[in-house]
Amino acid sequence: MSQEPLLPYGSPSILSGIAENFAFHSSPENFITARSLAFQKAHPHQTDSRIPIRAKVLNRNVAVISSYDQIRQILCDEEITSYLSSSQAYDELMAPFFPPPNLLLHDPPYHQERKNAWVERMATLNESIRPLVRETVLDHFRNIPSGSIVDLYESIKPLSWRILLSIFIQKDDDERGGEHADIEALHEDLLRGQFSLFPVSINTRLWRSPRSKGLQARQNLQSILGDKVAHGRCPFAVGGPEEGQDIANHLLLFTSSLAAKGLASLLSAVLLNLFFFKEGGSSLSTKIQTFEDSKQRSNYIQSMILEVERLSPPVVGIMRRTTQDIILRGNQESAPPTLIPKSWDLWLYFVGASRDPAAFGETADRFTPGRYYNSGFSRQEGFAFGAGAKNCLGKDVIRMIVSAVVETCLGQIQGVNSNSSSEDTVIGLQADGGDLPAGVQAWLGWKPKVNPEEWARDIKQLPTQRPRKPIMVVVQHQLAS
């Protein structure tokens, strides 16, 4: 017998919505886990902790989804995606700072036509990325004396900026890096305005609100990037003014502070796993060096990166808005379907979904670097880059960047010809102190069943995931033997 669909669990009031808004932005993991536990206590016969949770965020009805299957329904099932809108969900948060036309704010069917053109453009970058990343990484670490102790994330963040800006914005011959620094500073103002809890634009002689500064930064960035496109200082060919505006709008996204911090988040998690996760008493960096076949070595690195993406996605989730009532099938055969009414927001929590035992088995919350390597890459991936027709356009580029960083650190980057004496340089990281905090270990998948309070204490989740406190490491670099 079919079951009647139910609304998501919870019934927040207007007053509680204010508290929920702050609780959600403080730690989505703690917010969702606390409500899941409350549901289990109220309904002990229901064992599924990944039930949709109802919340009030920014005074809107929100269904928080953390089931792997239900997120795939939302992103990949055409019968459902046709009743969802990205542009409406992001209108207030994104559109004023990343104005259309851009793929992030497009909905089907117009979206796919424009995306096909951008897939072709992005494919032209592949040949140039590895040597550029290699030289940027080596130069970055050359400027850190061997034996220095650094905050890993704060060291990787400027490296991420340099990589993205070097790929997407070509310097003029007389530039010495100053304009890249200006672009970075403007993007930081834009991000602060975008995520300000005071979403009003005020500009007086004595004070300007973060939103006002962010909107001005967007205008300045559009001018700079438009000029770059007009003078051929970007990697994409321009066919006319309309195409040039489209490219400039997307460069605003590709070089954003959110993109740089997302890359820094992913690289930090990858490097912590590469150098500090122990398997059989040895680090992954040591294990990878034992592969004699370069293809096997490359495949294992890719498997490790996919596993990091699954457990530690930089962006914890995305939004959609319903344009009609939709019904999601239950997470289990015994679970009732879920009704999401028209005009509700869906907040897809990738961190929880990618640790769903229904999708990844008993080791769902454990870092298993060979998970994809051992299965011949047949296992389903996490949601670091979304899924379906609107998956992230930059997925292949980011994966190429991350694998190039790993291979450069190991002195084994493939497909690069260089006469530089630094070609055989090996970069390593060593721990400076004891064990990582419990919440950081949970974020990495080293320590399962960590209390959500510890996760909230140790990991900042918005706008991208990273440790709240510095993770100090010792940088080592030397010529390979």
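1. Rings of Phe, Tyr and Trp (its six-membered ring) count as a pair if their centres lie within 6.5 Å. In this predicted model, one aromatic cluster is formed by Y68, F350, F360 and F383. A charged side chain also meets this cluster: R310 lies over the face of F360, at 4.7 Å from the ring centre.

2. The structure holds 13 aromatic pairs. One of them joins F168 and F236, with ring centres 6.4 Å apart and planes at 40°, so this pair is tilted. F168 belongs to helix 8 (residues 152-168), while F236 sits in the loop between helix 10 (210-230) and helix 11 (241-254). The two residues are 68 residues apart, and the pair links distant parts of the chain. F168 and F236 are both buried.

3. Both rings reappear in the largest nonpolar core, which has 134 residues; F168, F236 and I401 touch the most other members. The element that gives the most to this core is helix 12 (residues 257-276), with 12 residues.

4. The surroundings of F168 can be listed. Leaving aside residues up to four places away in sequence, F168 touches M122, L125, R233, C234, P235, F236, L251, F254 and T255.

5. A second pair worth inspecting is Y300 with Y373. A pair of aromatic rings is described by the distance of the centres and the angle of the planes. For Y300 and Y373 these are 5.4 Å and 70°, and the pair is edge-to-face. Y300 lies in helix 14 (residues 294-311) and Y373 in helix 17 (residues 371-374), so parts 73 residues apart in sequence are tied together.

6. Are Y300 and Y373 buried or exposed? Buried means under 20% relative accessible area. Y300 has a relative accessible area of 2%, so Y300 is buried. Y373, at 24% relative accessibility, counts as partly exposed, because partly exposed covers the range between under 20% and over 50%.

7. Another charge sits over a ring at W118. The charged end of R121 is placed over the ring of W118, 4.4 Å from its centre.

8. Helix 9 (residues 178-194) and helix 10 pack with their axes 7 Å apart, at an angle of about 145°. The crossing of helix 9 past helix 10 is left-handed. On the helix 9 side the contact is made by E179, I183, L186, H187, D189, L190, R192 and G193. Helix 10 contributes P210, R211, K213, G214, A217, R218, N220, L221, I224 and K228.

Notes:
Residues are numbered from 1 along each chain as its sequence is written. This is a predicted model: local features need pLDDT of at least 70, side-chain atom pairs count only at pLDDT 80 or more; totals for chains, interfaces and linings use all residues. Side-chain values use heavy atoms; hydrogens and water are left out. A nonpolar core is a set of buried Ala, Val, Leu, Ile, Met, Phe, Trp, Tyr and Cys residues joined through side-chain atoms within 4.5 Å. Buried means under 20% relative accessible area, exposed over 50%, partly exposed in between (1.4 Å probe, protein chains only). Helices (H or I, at least four residues) and strands (E, at least two) are DSSP runs, numbered from the N terminus. Contact means heavy atoms within 4.5 Å. Rings of Phe, Tyr and Trp (its six-membered ring) pair if their centres lie within 6.5 Å; planes under 30 degrees apart count as stacked, over 60 as edge-to-face and the rest as tilted. A charge sits over a ring if NZ of Lys or CZ of Arg is within 6 Å of the ring centre and within 35 degrees of the ring normal. Axes are lines fitted to C-alpha atoms, for helices over the stretch in contact, and angles run from 0 to 180 degrees between N-to-C directions. A crossing is left-handed if the near helix is turned anticlockwise from the far one by less than a right angle, and right-handed if clockwise.
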